[in-house]
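Biologist: I'd like a close look at one part of this one, please: the inside. Take me through it slowly, and tell me how it sits within the rest of the chain.

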Amino acid sequence: MKLALIRRQFSATGGAELYVQRLLGALTAAGHETHLFAEKWQGQAAGVQFHTINVDASRSERPLRFAAGVNAALLQEKFDCVFSLERTLKQDVYRAGDGLHRVWLERRKQFAPWWKRPLIGLGAFHRNMMALEARTFDSANTRHVIVNSEMVRGEIEQHFPAFPQERVHLVRNGVEVKRFQNADRGGARRRFGLADDDFVLVFVGSGWDRKGLPWLLKFMAGRSDDPKLKLLVVTRDRMRGKVPPNVILAGPLPDVEAAYAAADVLTFLPIYEPCSNVVSEALAAGIPVITTAFNGASELIDPGVNGHVLDDPRDFATLGMCINHWRVRGNAGPVKTQQPLDLDLNVRHTLRVLELAAQNS
């Protein structure tokens, strides 16, 4: 097959782009002719033909200009399947990895202070994103959709009921499982200044409000009387306000598996996450996860067995009880998950959808 992939930004070394890297590698290894259309990229991927989409526009106009630029470039060649990882104008397969922009705005309004709520979603950027999203979920423009959680599937059904549900395919995220199973716990604890008897929560991610870090910091500020409870934070975000003394800031880490190795529980409390990779990473590392029902990855959680799911990220009482559950459990060995987490399985299932789209074209 001659395949076109669309991704606004590509990095051959970035962890967030691991999915795209693996997919490109699998496509070329299978003998497919693969083209990547991107605004910019770092590094190269063997056997992939890159096409630069030049965009000179403001933040509000940039997604529309990129979508128009890609559309014009695609008309210059014939492809068996066009696979977009961005909201664009026309594609055979769209991967809704970012969920729905309109649902993200709903969640922001739900959790914002009352005086901010009327202002959320008013800007030109949000209007353009929702218009582009509506065009993407028009079945005349997109023939198949890949989602990474049942949560997102339900959101599509609710907000775009005209899109045929039989053309929405669930392909869960995958991670390099072995990478997260071989880290040195003792060495990792020493690296972050943790004692052997500390009970360590870990937060991994950037996105401040969306991923719930402010609530975790507030929770830890209220637990200063518990000297053995620590929170290890792995993030690019700049901290706002005073950081509690029981919080350790690790910054961004290229070897994030060390943070999971040092920790006892992943605490990740987003207000909207289509399906967070950090949940799969933590489960692959064998540690339980406390997350929210607004995270599609909560579908991987069997409550009390490999984690807990909170209905409200601000519910500190329930959060405390969940943490205590895992402290009492002690070091009983790695938790188990019933869902497959392997990245190669994700790639194979994605390829099946692309092949289906090509056959039906």
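Modeller: One term before we go in: a residue is buried when its relative accessible area is under 20%, exposed when that is over 50%, and partly exposed in between. Also keep in mind that this is a predicted model.

By that cut-off, valine 175 is buried, because its relative accessible area is 4%. You'll find valine 175 in the loop between strand 9 and helix 6. What does valine 175 touch, leaving aside its neighbours within four places in sequence? The partners are Phe180, Asn277, Ser280, Glu281, Ala284, Leu341, Asp342 and Leu343. Another link across the sequence involves aspartate 344: 169 residues separate it from valine 175 along the chain, yet their C-alpha atoms are 8.2 Å apart.

Now look next door, at glutamate 176. It belongs to that loop too, between strand 9 (168-170) and helix 6 (185-191). Glutamate 176 has 29% relative accessibility, so it counts as partly exposed. From its C-alpha atom to that of leucine 300 is 16 Å, with the two positions 124 residues apart along the chain.

Two of valine 175's partners, Phe180 and Glu281, turn up again on the contact list of tyrosine 260. Besides those, tyrosine 260 touches Val202, Val204, Leu266, Val278, Ala282, Ala285 and Ile287, again not counting residues up to four places away. That takes us to the main event. The largest nonpolar core holds 56 residues, and the ones with the most contacts inside it are Tyr260, Leu266, Val202 and Leu231. Strand 10 (residues 199-204) supplies the largest share of this core, with six residues. There is also a second, separate core of 24 residues, with Leu5, Phe10, Tyr19 and Val171 among them. If you want the general background, nonpolar side chains in soluble globular proteins tend to be buried together.

Stay with strand 10 and look at who meets it. Threonine 267 lies in strand 13. Is threonine 267 buried or exposed? Its relative accessibility is 0%, so it counts as buried. Beyond its sequence neighbours, threonine 267 touches Leu201, Val202 and Phe203, along with Leu216, Leu231, Ile290 and Leu319.

Phe203 is also a contact of valine 233, a residue of strand 11. Valine 233 is another one at 0% relative accessibility, so it counts as buried. The rest of its list, with residues up to four places away left out, reads Leu213, Val247, Ile248, Leu249, Ala250 and Gly251. The C-alpha atom of valine 233 is 8.4 Å from that of glycine 205, which is 28 residues away along the chain.

Next comes helix 7 (residues 213-221), where the buried residues are Leu213, Trp215, Leu216, Leu217, Phe219 and Met220. What do those buried residues pack against? The list takes in strand 10, strand 11 (229-234), strand 12 (247-249) and strand 13 (265-267), plus helix 3 (101-111) and helix 10 (316-329).

On the way from strand 10 to helix 7 there's a loop, and tryptophan 208 is found there. Tryptophan 208 is no glycine, but it has a positive phi of about 35°. It counts as buried because its relative accessible area is 7%.

For contrast, try leucine 75, in the loop between helix 2 (62-74) and strand 6 (81-84). Leucine 75 has a relative accessible area of 67%, so it is exposed. Its C-alpha atom is 19 Å from that of serine 139, 64 residues away in sequence.

Now zoom out. The chain has eleven helices and 15 strands. Its radius of gyration is 21 Å, close to the 21 Å from the globule rule for 361 residues, so the chain is as compact as a globular protein of that length. Along the principal axes, the C-alpha atoms fill a box of roughly 65 × 50 × 35 Å. Of the 361 residues, 53% count as buried. Among contacts between residues at least 6 apart in sequence, 63% join residues at least 24 apart.

As for the outside, the accessible surface is about 16300 Å², and carbon and sulfur atoms account for 49% of it. The charged side chains are 46 positive and 39 negative, with the centres of the two sets 4 Å apart.

Note on methods: Residues numbered from 1 in each chain as written. Predicted model: local features only at pLDDT ≥ 70, side-chain atom pairs only at ≥ 80, totals over all residues. Heavy atoms only, no water. Core = buried A, V, L, I, M, F, W, Y, C linked by side-chain atoms within 4.5 Å. Buried < 20%, exposed > 50% of the residue type's maximum accessible area, 1.4 Å probe, protein only. Helix = DSSP H or I, 4+ residues; strand = E, 2+ residues; numbered from the N terminus. Contact = heavy atoms within 4.5 Å. Rg over C-alpha atoms; globule rule 2.2 N^0.38 Å. Areas by Shrake-Rupley, 256 points an atom, 1.4 Å probe, with all protein chains shown as cover. Lys, Arg positive; Asp, Glu negative; His and termini not counted. Charge placed at Lys NZ, Arg CZ, Asp CG, Glu CD.
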